[in-house]
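Colleague: Got a minute to go through this model with me? Let's have it on screen first.

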Amino acid sequence: MRWWKLPVFLAGLAPLLWLAWGVYREDLGPNPVEYLTHATGDWALRLLLITLAITPLRRLFGWRKPVLVRRMLGLFSFFYACLHLIVWLWLDREWQWAGMLEDVLKRPYITVGMLAFAILLALALTSNLFSMRRLGKNWQRLHRLVYGAAALGILHYIWLVKADLLLPLTYLAVFGLLMVLRLPLGRVGQG
Ligand code: HEM
């Protein structure tokens, strides 16, 4: 592990430590369950977008080092998505499987969130060297689903918001920009 991977790892852990500190101090606002659901969902999405920014950064500015932490950042996104799901299952739905299933089937934003999670799960399980070798070219095809996961994560957020759309639309704008920068057009001027 190169030395500069450590600060990235610690930065990925920071939101968890911050939340754990809030839980310990019982300082998560008037609705701690809502706070935890929102914070873990936000971090899953932010880290996913940061992961998607790495290739455009390399193309535009020639930054190669971040590529080496892409997998770590992607796994951190999955990690926060897992916490998000656990908070919902445990603290919100209280392991009531029937109610949970009803939510998944009847609330489109939950359905979409589940789909995003299923993609992240598949990507996390195949993010190792063994799967890379085994899947060959299909590995890249599978891992292109990461864009779908981000799009579904943003749709999930837009769908659930009742009033202030500023943040979800900002995520959407960032995602759109990252997609545009991936087009061959984004390489104009690279020589
Ligand atoms: C595993 C299935 C998922 C379930 C059951 C789920 C459920 C929820 C719930 C109940 C909320 C709060 C809704 C409210 O307050 O009205 C929420 C918010 C959110 N979720 Fe999910 N979610 C899932 C997956 C995901 C994934 C994979 C992402 C990101 C990639 C994500 C990102 C978010 C974001 C950004 C918010 C809003 C945070 C905020 O308001 O600041 N969720 N989710």
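**Trp95 and its surroundings**

Modeller: Let's start with Trp95, which counts as exposed because it has 9 C-beta neighbours inside 10 Å. The cut-offs are 20 or more other C-beta atoms within 10 Å for buried, 12 or fewer for exposed, and partly exposed in between, with C-beta atoms placed from the backbone. Bear in mind that this is a predicted model, where local features need pLDDT of at least 70, side-chain atom pairs count only at pLDDT 80 or more, and totals for chains, interfaces and linings use all residues. Numbering runs from 1 along each chain as its sequence is written.

Colleague: Where does Trp95 lie?

Modeller: In the loop between α3 and α4. Helices here are DSSP runs of H or I with at least four residues, strands are E runs of at least two, and they are numbered from the N terminus.

Colleague: What's the phi of Trp95?

Modeller: Near 55 degrees, so to speak on the positive side, and Trp95 is not a glycine. Most residues other than glycine have a negative phi.

Colleague: And Glu94, buried or exposed?

Modeller: Exposed, because Glu94 has 9 C-beta neighbours inside 10 Å. Glu94 also has a positive phi, about 50 degrees, without being a glycine, and it sits in the loop between α3 (70–92) and α4 (97–106).

Colleague: New topic: how many helices and strands?

Modeller: Nine helices and zero strands.

Colleague: How much of the chain is buried?

Modeller: Buried residues are 23% of the 191 residues.

Colleague: What size of box do the C-alpha atoms fill?

Modeller: Roughly 55 × 40 × 35 Å, along the principal axes.
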